[in-house]
Amino acid sequence: MIRYFEVGTLYEFYKNLLTEKQRNCVDLYYNNDYTMQEIADEMGITKQAVSLTIRKAVNKLDKFEDCLRFAKTFFKIEDAKDDIKRLHEKVVNRSDVPEDIKDDIFVLLSNIEKMED
């Protein structure tokens, strides 16, 4: 189950680097829960061809992530953003935290939110 999520995530980052056939097979299998036989029937190819296409595509996705690390970096940034949001919520109404620290945290949070646009 974890591998399904991982492949689906890598697909979102690197799908444009796959062939159209690989994109279709991976999308149908991992994101739309088609069986390999259903994909084969829809695409007019054999079940073995679907299996091979998916295996090659997943290997490419893994290699892209090994080299580029986009997904790993994205999730690290999301974790840091969540940490900063929690910190901001903890200190915003506290009187024992200096205002300049509150302001710095707010600016940091604002800058991170601007990156999402």
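## Working through a helical model

Phe 13, Tyr 14, Phe 64, Phe 70, Phe 74 and Phe 75 are joined into a cluster by ring pairs. The model is a predicted one, and the exercises below start from that cluster and move outwards.

**Exercise 1. Work out how the rings of Tyr 14 and Phe 64 are arranged, and which parts of the chain they join.**

Step 1. A pair of aromatic rings is described by the distance of the centres and the angle of the planes. Rings count as paired if their centres lie within 6.5 Å, and by this rule there are eight aromatic pairs.

Step 2. For Tyr 14 and Phe 64, the centres are 5.8 Å apart and the planes make an angle of 45°. Planes under 30 degrees apart would be stacked and over 60 edge-to-face, so this pair is tilted.

Step 3. Now place the two residues. Tyr 14 belongs to helix H1 (residues 2–14) and Phe 64 to helix H4 (residues 47–68), so the pair ties together parts that are 50 residues apart in sequence. Both Tyr 14 and Phe 64 are buried.

**Exercise 2. Classify the pair formed by Phe 74 and Phe 75, and say how accessible each residue is.**

Step 1. The ring centres of Phe 74 and Phe 75 are 5.2 Å apart, with 80° between the planes, which makes the pair edge-to-face.

Step 2. Buried means under 20% relative accessible area and exposed means over 50%. Phe 74 has 36% relative accessibility, so this residue counts as partly exposed. Phe 75, at 36%, is partly exposed too.

**Exercise 3. Find the residues with the most contacts to other members of the largest nonpolar core, and the helices that build this core.**

Step 1. The core has 19 residues, and Tyr 30, Ile 39, Ile 54 and Leu 61 touch the most other members.

Step 2. At least two residues come from each of H1, helix H2 (20–31), helix H3 (36–43) and H4. H4 gives the largest share, six residues.

Step 3. Take Leu 61 as a case. Setting aside neighbours within four places in sequence, Leu 61 is in contact with Val 7, Leu 10, Tyr 11, Tyr 14 and Leu 18.

Step 4. Compare a polar neighbour in the chain: Thr 53 also lies in helix H4. Its relative accessible area is 9%, so Thr 53 is buried. Beyond four places in sequence, Thr 53 is in contact with Lys 21, Gln 22 and Cys 25.

**Exercise 4. Decide which residues of helix H6 are buried and whether they sit on one face or are spread around the helix.**

Step 1. H6 (residues 99–115) has 17 residues and spans 24 Å from its first C-alpha to its last, close to the expected 24 Å.

Step 2. The buried residues in H6 are Lys 102, Ile 105, Leu 109, Ser 110 and Ile 112. Seen down the axis of H6, they fall within an arc of 165°, so they line one face of the helix.

Step 3. Asp 104, Lys 114 and Met 115 are exposed on the face turned away from that buried side. Helix H5 (70–91) is among the parts that cover the buried residues of H6.

**Exercise 5. Describe the overall build of the chain.**

Step 1. The chain has six helices and zero strands.

Step 2. Its radius of gyration is 21 Å, whereas a compact globule of 117 residues would have one near 13 Å. The C-alpha atoms fill a box of roughly 70 × 25 × 25 Å.

Step 3. Of the 117 residues, 29% count as buried.

Note on methods
Residues are numbered from 1 along each chain as its sequence is written. This is a predicted model: local features need pLDDT of at least 70, side-chain atom pairs count only at pLDDT 80 or more; totals for chains, interfaces and linings use all residues. Side-chain values use heavy atoms; hydrogens and water are left out. Rings of Phe, Tyr and Trp (its six-membered ring) pair if their centres lie within 6.5 Å; planes under 30 degrees apart count as stacked, over 60 as edge-to-face and the rest as tilted. Helices (H or I, at least four residues) and strands (E, at least two) are DSSP runs, numbered from the N terminus. Buried means under 20% relative accessible area, exposed over 50%, partly exposed in between (1.4 Å probe, protein chains only). The expected span of a helix is 1.5 Å times one less than its number of residues. The arc is that of the directions from the helix axis to the C-beta atoms. Contact means heavy atoms within 4.5 Å. A nonpolar core is a set of buried Ala, Val, Leu, Ile, Met, Phe, Trp, Tyr and Cys residues joined through side-chain atoms within 4.5 Å. The radius of gyration is taken over C-alpha atoms; the globule rule is 2.2 Å times the number of residues to the power 0.38.
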